[in-house]
Amino acid sequence: MPPFEEYCEEIRPLWESHWLTNMGEEHRKLEEALKERLRTPNVCLFTNGHNALECILEALGLHGEVVTTPFSFASTTHAIARKGLTPIFADVRESDCTIDPERIEEAITPRTCAIVPVHVYGNLCDVDAIQDIADRHGLRVVYDAAHAFGVERDGVSAAAFGDASMFSFHATKVFNTIEGGAVCFRDPALYDTLNQWKNFGITGPEDVEYIGGNAKMNEFCAAMGVCNLRHLDEEVAKRRAVAERYWERLETVPGVRVFRPAPGVRANYAYLPVIFDPEAFGATRDDVFDALDAAGVGARKYFYPLISDYACYRSIYSSDRTPVARRMAAQVLTLPMYADLPLADVDRICDVVESTGRN
Ligand SMILES: *Cc1c(COP(=O)(O)O)cnc(C)c1O
């Protein structure tokens with residue numbers, strides 16, 4: 001959270017204008033600031049990342065099958081299904097848990113209209129291979145970049161890949177607006193369309209052209225974003241120190257794998273995922289989860305279960321078809337990660353993890 005006084009200063013004008021929502025001054029300010037920060041010409045704000053994803057899928061006029069990953073948060077597949085599209089799951093790569101381009105290619109049929117990959121934990125997908133597949137098959141690419149705020153590869157922002165990228169500004173993300181989200185997109189013509197979709201499809205004082213929803217970010221959330229953005233570099237630097245400590249401690253432990261950023265990548269240190277190979281480590285992920293829980297440490301099985309194993313999808317899909325994703329879901333644990341986590345606590349957490357393995 002930003003300093004309290006700073007937020008109060010930011011929202012003071014709202015008491016004078018009484019302009020609380022419907023694309024006011026803070027909304028405009030945040031959109032401009034994000035264009036600069038994400039180095040992208042086109043940004044549209046939303047109430048949350050999920051509505052942003054639904055909206056862009058709808059605005060692109062997609063119909064048919066969408067190739068996506070089961071190793072993600074519910075939102076990714078739900079957005080596809082709720083827009084009347086058919087999710088088709090492709091397996092992920094062992095190396096970084098992002099969707100495997102070779103598996104995407106196998107999943108394509110004449111009905112495929114788009115690919116919705118996820119930059120899981122802020123690990124960037126193989127964006128070049130994915131774009132190549134999309135170009136050859138005439139498909140749209142919409143990234144779920146909920147985890148990838150501020151991530152860059154060779155100086156190119158995560159917001160620049162594909163036809164569009166959705167970012168989430170939920171309270172739990174690296175950059176937050178309490179609840180919030182945005183779509184960054186390539187075609188500038190989409191700006192008006194997205195603004196209309198997020199406001200009931202209203203196109204003029206007496207015109208309603210689309211069956212739109214209501215997904216406008218309000219002024220208080222936008223003000224939170226304007227403030228938080230000023231402190232983001234500091235936040236990420238602190239997270240980096242925490243991540244480095246975890247990695248130093250854990251990457252030498254047999255059977256434990258961490259995700260160091262790939263060469264040329266500027267990471268955001270959003271999560272601290274760790275993969276436990278039960279054979280080499282001598283204990284399972286669930287053993288580590290239980291040991292941490294007993295020590296009062298809240299780790300998360302993120303992502304477990306796979307989306308294809310949710311009650312609402314498992315009668316249609318089988319996780320047998322995505323064996324790598326299924327294994328990752330069984331072996332991954334995300335450890336506590338936030339800017340103000342003391343390094344002494346990181347050491348304590350790593351001690352618990354290490355001793356579980358030796359047992
Ligand atoms: C957080 C998240 C979302 C949804 O974002 P909200 O802002 O919470 O609606 C979508 N996909 C992934 C991978 C996420 O982590």
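Select Tyr302 and the ligand: a polar side-chain atom of Tyr302 lies 3.4 Å from an oxygen atom of the ligand. The protein covers 94% of the 380 Å² of accessible area that the ligand has on its own. Please bear in mind throughout the tour that the model is predicted.

**The ligand and its shell**

Keep the ligand selected and display Gly49. Here a polar backbone atom of Gly49 is 2.8 Å from an oxygen atom of the ligand. Next, display Lys173, where an N or O atom of the side chain is 3.1 Å from an oxygen atom of the ligand.

Now extend the selection to the residues around the ligand. There are 15 of them, and Gly49, Asp144, His147, Ser168 and Lys173 are the closest. Coloured by residue class, this shell divides into four nonpolar, nine polar and two charged residues. Which secondary-structure elements each supply at least two residues of the shell? Select α3 (49-59) and β8 (164-168), for each of these does so. If a pocket surface is available in the viewer, display it as well: the ligand takes up the space of the largest pocket.

**From the ligand to the cis peptide bonds**

Return to Tyr302, the residue with which the tour began, and step forward along the chain. The peptide bond from Tyr302 to Phe303 is cis, with omega near 20 degrees. Phe303 belongs to the loop between α11 (285-294) and α12 (323-331). Proceed to Tyr304 and Pro305, which are also joined by a cis peptide bond, here with omega about -5 degrees. Pro305 is found in the loop between α11 and α12. As background for this stop and for His18 below, most peptide bonds are trans, and most residues other than glycine have a negative phi.

**His18**

Select His18, in the loop between α1 (4-17) and α2 (25-37). Although His18 is not a glycine, its phi is positive, at about 60 degrees.

**A three-stranded sheet**

For the final stop, select β7, β6 and β13. These three strands form an open sheet in the order β7-β6-β13, with antiparallel pairing. Why is one side of β7 and of β13 left without a neighbour in the sheet? Both β7 (156-157) and β13 (265-266) stand at the edges, and each has a single partner strand, so one side of each lacks a neighbour.

Focus next on β6 (residues 152-153) and β13, which pair in the antiparallel sense over two bridges. Within this pair, display Arg153 together with Val265 of β13, which stands opposite Arg153. In general, strands of a sheet pair through backbone hydrogen bonds.

How values were computed
Residues are numbered from 1 along each chain as its sequence is written. This is a predicted model: local features need pLDDT of at least 70, side-chain atom pairs count only at pLDDT 80 or more; totals for chains, interfaces and linings use all residues. Side-chain values use heavy atoms; hydrogens and water are left out. A residue is near a molecule or strand if one of its heavy atoms lies within 4 Å of it. A polar contact is a pair of N or O atoms within 3.5 Å; within protein, one must be able to donate a hydrogen and the other to accept it, and residues adjacent in sequence count only if both atoms are side-chain atoms. Accessible areas come from the Shrake-Rupley method with a 1.4 Å probe; for residues, only the protein chains shown count as cover. On a 1 Å grid over the protein atoms alone, a cavity is a set of points where a 1.4 Å probe fits but cannot get out, and a pocket is an open set with protein on both sides within 12 Å along at least five of seven lines; lining residues have an atom within 4 Å of a point. A molecule sits in a cavity or pocket if more than half of its atoms lie within 2 Å of its grid points. Helices (H or I, at least four residues) and strands (E, at least two) are DSSP runs, numbered from the N terminus. Ala, Val, Leu, Ile, Met, Phe, Trp, Tyr, Cys and Pro count as nonpolar, Asp, Glu, Lys and Arg as charged, and the others, Gly among them, as polar. Two strands pair if DSSP finds at least two bridges between them.
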